[in-house]
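Student: Please take a close look at how oppositely charged side chains pair up in this model. I should like to learn where such pairs lie in the fold and which parts of the chain they connect.

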Amino acid sequence: PVCSMGNSTSRLYSALAKTLSSSAVSQHQDCLEQPDSARLDPIDPKELLEECQIVLQKRPPRFQRDFVDLKKNAVSNHRPIRVMQWNILAQALGEGKDNFVQCPMEALKWEERKCLILEEILAYKPDILCLQEVDHYFDTFEPLLSRLGYQCTFFPKPWSPCLDVEQNNGPDGCALFFLKDRFELINSANIRLTAMKLKTNQVAIAQTLKCNETGRLFCIAVTHLKARTGWERFRSAQGCDLLQNLKNITQGAKIPLIICGDFNAEPTEEVYREFSNSSLNLNSAYKLLSPDGQSEPPYTTWKIRPSGECRHTLDYIWYSQHALNVNSALGLLTEEQIGPNRLPSFNYPSDHLSLVCDFSFNQDPDRLL
């Protein structure tokens, strides 16, 4: 059931409401089959945001987060490229496996949680959106975001844990979305990560895009590495495999690179050091929010499970520091905003915080290589 809107139900609300019921899709079609959303009418993002807010009218208002200006007197003659990274929490895992003991089941209802996720995306208007734990791609994100002007790509995990949950909506995976009026797709690669020469259950998508405004090429990648303590060496091997793939795709860093991901790794882990010290000359964008520009945020995920409270920094936006500038980054939620029951909650739909950065191209990237 969806919330009544009085006598006149809009065409747009009807489109949104159709995605609230996933029963047709949960008899799931082949998860790689692309529905034809190109024929559907475009959606006005302001209208969709209003529709989401109607569904969410009984929930607390969205948290206020501000962008921090990080420009160092850099002058750019083109619009920045806004990139959003977010592990949105797979619905099947949130309801069936993750045991968020302080989060009421009512807060996890897909009909409303979906609107919280969309509200966050619509509020920040990313040019490129990188998501993990997407298990409602075909019935929600692809139909709606394609009508907002995004080109959409999904790569599910081969053995998604979502499939172990009754009444699941298919496998979860990584999804990448970019605005077609800003970028042209040059090349796309779906990568199944290996570790110790074995194929693993973790994946990545890497796409080479051309910026229509500047003509510049760059590569955007999204990934989600193996979770849990005890798997540090495994994550390290996955990271090495991803870096090698990206070296080939970017011709050894000739093409600028942005990598978004839930690495499931604190900055003390080996996989973090591999990315920091890579020949691709990468830096982590959110370090720039710290006073010295050298420290990651204190947390990007904060939850309470039966085993206790988990507060970790696991999510990152890496970028080619010789070729790209970080103009600004979205500040994180404070402890006070998150509240004593932590995440997810009636206020916030995921156990991970979204990260958002505005990038511009360096005018003379070769000079710094």
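Tutor: The answer below begins with the whole chain, then follows the salt bridges one by one, and ends with a helix that takes part in one of them.

This is a predicted model, in which local features need pLDDT of at least 70 and side-chain atom pairs count only at pLDDT 80 or more, while totals for chains, interfaces and linings use all residues. Residues are numbered from 1 along each chain as its sequence is written, and side-chain values use heavy atoms, with hydrogens and water left out.

The chain folds into nine helices and 15 strands; these are DSSP runs, numbered from the N terminus, a helix being H or I over at least four residues and a strand E over at least two. Of its 369 residues, 57% count as buried, where buried means under 20% relative accessible area, exposed means over 50%, and partly exposed lies in between (1.4 Å probe, protein chains only). Contacts (heavy atoms within 4.5 Å) also reach far along the chain: among those between residues at least 6 apart in sequence, 79% join residues at least 24 apart.

Side chains of opposite charge can pair when their charged atoms come close. The criterion for a salt bridge is a side-chain nitrogen of Lys or Arg within 4 Å of a carboxyl oxygen of Asp or Glu. By that criterion, the whole structure contains 19 salt bridges.

Consider the pair E120 and R62, whose side chains meet at 3.7 Å, N to O. E120 belongs to helix α5 (residues 110-124), whereas R62 sits in the loop between α3 (45-55) and β1 (67-69), so this salt bridge ties together parts that are 58 residues apart in sequence. The partners have unlike surroundings: E120 is buried, at 3% relative accessibility, while R62 is partly exposed, with a relative accessible area of 30%.

A second pair joins R182 to D127, with the closest N and O atoms 3.0 Å apart. R182 lies in the loop between β5 (173-179) and β6 (183-195), and D127 in the loop between α5 and β3 (128-134); the pair therefore ties together parts that are 55 residues apart in sequence. Both R182 and D127 are buried.

The third pair is R235 with E269, whose side chains meet at 2.8 Å, N to O. Because R235 lies in helix α7 and E269 in the loop between β9 (257-262) and α8 (270-276), this salt bridge ties together parts that are 34 residues apart in sequence. Here too, R235 and E269 are both buried. Salt bridges can also share partners, and in this way R59, E106, K109 and E112 are joined into one network.

Finally, let us return to α5, the helix that carries E120. Its 15 residues reach 21 Å from the first C-alpha to the last, close to the 21 Å expected at 1.5 Å a residue; the expected span is 1.5 Å times one less than the number of residues. Of the 15 residues of α5, 13 are buried, so this helix is largely enclosed by the rest of the structure. The helix is followed by K125, which has a positive phi, near 50 degrees. In summary, α5 is a largely enclosed helix, and its residue E120 is linked by a salt bridge to R62.
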